[in-house]
Amino acid sequence: AEPRLDLMFHTPGYPNDDLYRLDVLQGIFSGRSGRLYKRLVDEEQLCTDAGAENSFRLHDGYFHIWAELKNDSDPAKVEKILKEEIQKVKANPPSDREMLRIKNEIRMSFVRGLKSLEGLSDRLAWFERLRSWKDLLEYPDKIAAIKRPEIPAITIKYLDTEKATVGQLLP
């Protein structure tokens with residue numbers, strides 16, 4: 001297996017409006033245009049992939065930040081960079097352009113997930129299991145309503161690096 005580093009943070013259960021803000025935070029860190037990929041893969045060339053996932057559940061959820069390391073990369077250095085990137089978000093809100101990109105990506109992913117009957121039924125079942133299928137209809141509006149200044153506050157609230165569960169998979 002490739003070496004891997006994981007940071008996990010406790011988040012609240014559904015429903016909680018912070019979960020939508022955490023979805024936007026996931027977008028800041030994830031994907032090839034996300035901050036973690038740009039820093040660890042493109043700039044530092046320490047990793048083959050990196051990203052984040054906001055996983056919300058009925059009772060408790062988690063925010064997961066991960067990096068797949070190159071075999072010769074130092075896990076301590078990668079962990080330090082992950083924590084630096086978290087601190088950057090805590091100190092400064094994302095730009096207007098970055099917020100627009102993330103909201104558009106979330107909206108496209110949402111719509112794409114509704115294109116097939118299977119995708120639609122999966123989403124309806126997911127929200128019904130959490131509380132009500134009607135919450136599915138509110139999701140895009142809740143994401144669109146999130147403002148730039150909310151992102152540092154949500155990062156401070158949930159991504160305390162002193163309380164993270166850190167996992168390493170090493171060869």
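The radius of gyration that I shall quote is taken over C-alpha atoms, and the globule rule beside it is 2.2 Å times the number of residues to the power 0.38. For the 171 residues of this protein, a compact globule would have a radius of gyration near 16 Å, and the protein agrees because its own value is 16 Å.

Some conventions come next. This is a predicted model, in which local features need pLDDT of at least 70 and side-chain atom pairs count only at pLDDT 80 or more, whereas totals for chains, interfaces and linings use all residues. Residues are numbered from 1 along each chain as its sequence is written, and side-chain values use heavy atoms, with hydrogens and water left out.

Let me turn to the overall architecture. The protein has seven helices and four strands; helices here are DSSP runs of H or I with at least four residues, strands are runs of E with at least two, and both are numbered from the N terminus. In that direction the order is β-α-α-β-β-α-α-α-α-α-β. Along the principal axes, the C-alpha atoms fill a box of roughly 50 × 35 × 30 Å.

How much of the protein is buried? Buried residues make up 45% of the 171, where buried means under 20% relative accessible area, exposed over 50%, and partly exposed in between, with a 1.4 Å probe and protein chains only. The exposed surface comes to about 9300 Å², of which carbon and sulfur atoms supply 52%; these areas come from the Shrake-Rupley method with a 1.4 Å probe, and for residues only the protein chains shown count as cover.

Contacts, meaning heavy atoms within 4.5 Å, reach far along the chain. Of those with a separation of 6 or more, 74% are between residues 24 or more positions apart.

I now consider individual positions, beginning with the loops. The peptide bond from Tyr 14 to Pro 15 is cis, with omega near 0°, and Pro 15 sits in the loop between strand 1 (4-12) and helix 1 (18-29). In the loop between helix 2 (35-43) and strand 2 (47-55) we find Gln 45, a residue other than glycine whose phi is positive, near 55°.

Ser 73 belongs to the loop between strand 3 (60-69) and helix 3 (75-91). It counts as buried because its relative accessibility is 11%. What does the side chain of Ser 73 reach at 2.5 Å? The partner is the backbone oxygen of Leu 46.

Another serine, Ser 55, is placed in strand 2 and is buried at 6% relative accessibility. Leaving aside neighbours within four places in sequence, Ser 55 contacts Thr 11, Gly 61 and Tyr 62. Its C-alpha lies 9.7 Å from that of Gly 13, although 42 residues separate the two in sequence. The side chains of Ser 55 and Arg 57 are joined by a polar contact of 3.1 Å, that is, a pair of N or O atoms within 3.5 Å; within protein, one must be able to donate a hydrogen and the other to accept it, and residues adjacent in sequence count only if both atoms are side-chain atoms.

My last example is Ile 106, in helix 4 (residues 96-113). With a relative accessible area of 14%, Ile 106 is buried. Not counting residues up to four places away in sequence, Ile 106 touches Asp 23, Val 24, Tyr 139 and Ile 143. From Ile 106 to Pro 140 the C-alpha separation is 8.2 Å, across 34 residues of sequence.
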